[in-house]
Amino acid sequence: MISDRVRVVLLTQAIGPLDYRLPENMDAKPGCVVTVPLGPRKLPGVVWDADVFTDSPVEAKKLRSVLELVECPPIGPGLRRLVDWVADYYLTSHAAVLRMVLASSAAFTASGTITEYRRTGYEPARLTPQRAAALDALEDAQGLVRELAAEAGVSDAVIRGLIKVGAFEPVIISVDTPFPEPLADFAVPELNAAQCAAADALTAAVRKGGFDTFVLDGVTGSGKTETYFEAVAEAIRLNKQVLVLLPEIALTQPFLQRFEKRFGVEPAVWHSNMRSTQRRRAWRAVADGSAKVLVGARSALFLPFRNPGLIIVDEAHETSFKQEDGVRYHARDVAVMRGRFEGFPVVLASATPALESRHMVSIGRYKGLEIPARFGTAKMPEIKAIDLTLDAPERQHWIAPTLLKALEERIDRGEQSLLFLNRRGFAPLTLCRTCGHRFQCPNCTSWMVEHRLVRRLACHHCGHVMPPPEQCPECGDSDTLVACGPGVERICDEVNRLLPDARTIVATSDTLWSPEKAAEFVARVENKAVDIIIGTQLVTKGYHFPELTLVGVIDADLGLEGGDLRAAERTFQQIAQAAGRAGRGDKSGEVFIQTRSPNHPVIAALVAGDRDAFYDAEIEQRRSAGAPPFGRFAAIIISSEDEREAIEAARAVGGAAPTAEGMYVYGPAPAPLAMLRGRYRQRLLVHAQRSVEIQSIIRDWLGGLQFPRGVRIGVDVDPYSFL
Ligand code: ADP
Ligand code: ZN
Ligand code: ZN
């Protein structure tokens, strides 16, 4: 009997797909969510298409039965093919990918109501220190007991105790509350000719349905959002669902407001900082098709849309769309594949498209749509380089006289400025003047970065923190520790000293760590309560501040130093995006780029405003090096807490490297980030021509090896990080 046998993919990584018997009265087709027995346990899984896996079937009489069919919309065939593809292409398991699809408990429990708790305002007279701390930390919080406990850093019992004495009260939440319907014609803008042409192409594609990929390439301030909103509107009219992917949560708040202005209501959102009730509600509404538009971080890509009609990837060049842990996938590329499997258009919007995307346009695989000028009367800013060797700041200062003068002018005129430096904290390195001791992370090959605002040193790789040291741990001297180099906080100090009247704000992921904080920041800038923003790449994208007329790039050479594959491209994009914040309103903008090498092709192209020249030169370099998009890379990362073990495992991998025509294997060698979170790391790099099937080669290669338990092997296909 074939028909009563089903293949089930469990959500547990270590266990492959298993066969089960389907009870007679149960109709569980591929895509259905079920629970099955495994040993004494009851586990969730999804019935999968039997022909996807090639291993031989288990004997019929050994099969155990599926326990129950969960009441949940089934995972459709298009999304199942996407899961197959991601597992295959990125060399991971179906389980790992499927966990991102079933990313909420809403998948396994029928919806209904849920009880959250919030403060009543009543404060018992006598409190244990833990309870007092929890009350303090949870002033405006609301959530499940578990979530509140985690937020306050106390045990569940502390919260339950506080509920019992009446300091918290229950709030009943319906997870079925539907999302309001966006109105396609709520506030339709009048588009200019270039916007109109692009919007027409997009709406036509949405109407026609079927797969297509567009690169919406418009200069900063050209109105890309207004333009692709027309495609969103068309999908809404057709009763299809839309996913808008954004690179940072920090960007969502202003985006939501803009969306509401255009469509009358806020869209559904999805990101990792949501409470579990919010996740449940969004997950269900996406799955049953009632959430028409969802705006999310990259993980939203795997949600089970019932009737998807369009994906927009905004700021599509952003490298943060590449996930670096767990399943290492690139959301931009997976979005395109999803459009292909489910048959709808995908739009990659950017003022500085990735080289790969531009290349796809040039070979005719993607369609290019251009908006070459800013909207309205706004002009592109004028960009100038400041040669730091000639126009040097004072010692232990980083703002050149020319830039300082420009900042003063803006303050006199009541205009705003942005100083861009892609380095969080106060100083990237602290060292002892007496003995040369450097403060290094005990778990990683990296310096401890001083964060003066919160008074501690922090490792940006593993999160290890320590209080600022009073004396050198090596020689015991005190008052000998010096901060080396600047981070944004130090630039802020410098501005405060040189321009004491300027109102400054530091904008990084440390200060804008939640959508609320980001919204607060935007409001302060918009209300002109800020003169100078000092920020990292976080503030270079998406924001539209009409009164901002000056951008200063503190250190343009920083990004070029590492010299990896995309260093030049990334530096170009970052500076172009930062520059793109200047002069977006009626007043013209000015940009100064501080550099020690004004003749570097990246800087020269930015100053000349010659984007095409830069891209053309860069693509030729990639072509001659056989680098992406002309060839492909895959990194193999071997790690262990034991250094010898890591080295030996890496040697074994290197020794077993297969030979294949058009493929080269480099390494093993210690990774540049030789230790990370207490694990020693070795790397190999596979470089191959596009025609080589590297996935199956690597799968066979690594599958044939055995490693000690403490060794972890990770494969990063199309890597963005080479550390
Ligand atoms: P981009 O994303 O291309 O940098 P935006 O979409 O942020 O540009 O647009 C820049 C500014 O111009 C925004 O304030 C936007 O509301 C405004 N804008 C763009 N196009 C239009 C239009 N057709 N009608 C009215 N305002 C527009
Ligand atoms: Zn010392
Ligand atoms: Zn660390």
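The following questions and answers introduce a predicted model through its ligand, two sheets and some backbone details.

Reader: How are residues and chains labelled, and which pLDDT is needed for local features?

Author: Residues are numbered from 1 along each chain as its sequence is written, while chains are lettered from A and ligands numbered from 1 in the order in which they are written. Side-chain values use heavy atoms, leaving out hydrogens and water, and in this predicted model totals for chains, interfaces and linings use all residues, side-chain atom pairs count only at pLDDT 80 or more, and local features need a pLDDT of at least 70.

Reader: How many residues surround ligand 1, and which helix gives the largest share of the shell?

Author: A residue is near a molecule if one of its heavy atoms lies within 4 Å of it, and 16 residues surround ligand 1, with Gln-195, Gly-221, Lys-224, Glu-226 and Arg-258 the closest. The shell divides into 4 nonpolar, 7 polar and 5 charged residues, where Ala, Val, Leu, Ile, Met, Phe, Trp, Tyr, Cys and Pro count as nonpolar, Asp, Glu, Lys and Arg as charged, and the others, Gly among them, as polar. Helices (DSSP runs of H or I, at least four residues) and strands (runs of E, at least two) are numbered from the N terminus, and the largest share of the shell, 3 residues, comes from helix α7.

Reader: Which residue has a polar side-chain atom 2.8 Å from an oxygen atom of ligand 1?

Author: For a ligand, a polar contact is a pair of N or O atoms within 3.5 Å, and a polar backbone atom of Ser-222 is 3.3 Å from a ligand 1 oxygen. An N or O atom in the side chain of Thr-225 is 3.2 Å from an oxygen atom of ligand 1, and the value of 2.8 Å belongs to Lys-224.

Reader: What is the strand order of the open sheet with parallel pairing, and at what angle does helix α10 run to β14?

Author: Two strands pair if DSSP finds at least two bridges between them, and this open sheet of 7 strands has the order β11-β12-β10-β13-β14-β9-β15. Its edge strands, each pairing on one side only, are β11 (268–270) and β15 (367–371). Strands β13 and β14 are joined by 4 bridges, and Asp-314 stands opposite Ala-349 in β14. With contact taken as heavy atoms within 4.5 Å, and angles running from 0 to 180 degrees between the N-to-C directions of axes fitted to C-alpha atoms, helix α10 lies across β9, β10, β13 and β14, its angle to β14 being about 155°.

Reader: Which strands are at the edges of the open sheet of 4 strands, and which helix lies across this sheet's strands?

Author: The order is β28-β29-β27-β30, with antiparallel pairing, and the edge strands are β28 (663–676) and β30 (712–717). β28 and β29 pair over 8 bridges, and Leu-676 stands opposite Arg-679 in β29. Running at about 25° to β27, the helix that lies across β27, β28, β29 and β30 is α20.

Reader: Where is Pro-668, and what is omega for the peptide bond that joins it to Gly-667?

Author: Another proline, Pro-629, follows a cis peptide bond from Pro-628 with omega near 5° and has its place in the loop between α18 and β27. Pro-668 has its place in strand β28, and the bond joining Gly-667 and Pro-668 is cis, with omega about 10°.

How values were computed:
A polar contact is a pair of N or O atoms within 3.5 Å; within protein, one must be able to donate a hydrogen and the other to accept it, and residues adjacent in sequence count only if both atoms are side-chain atoms.
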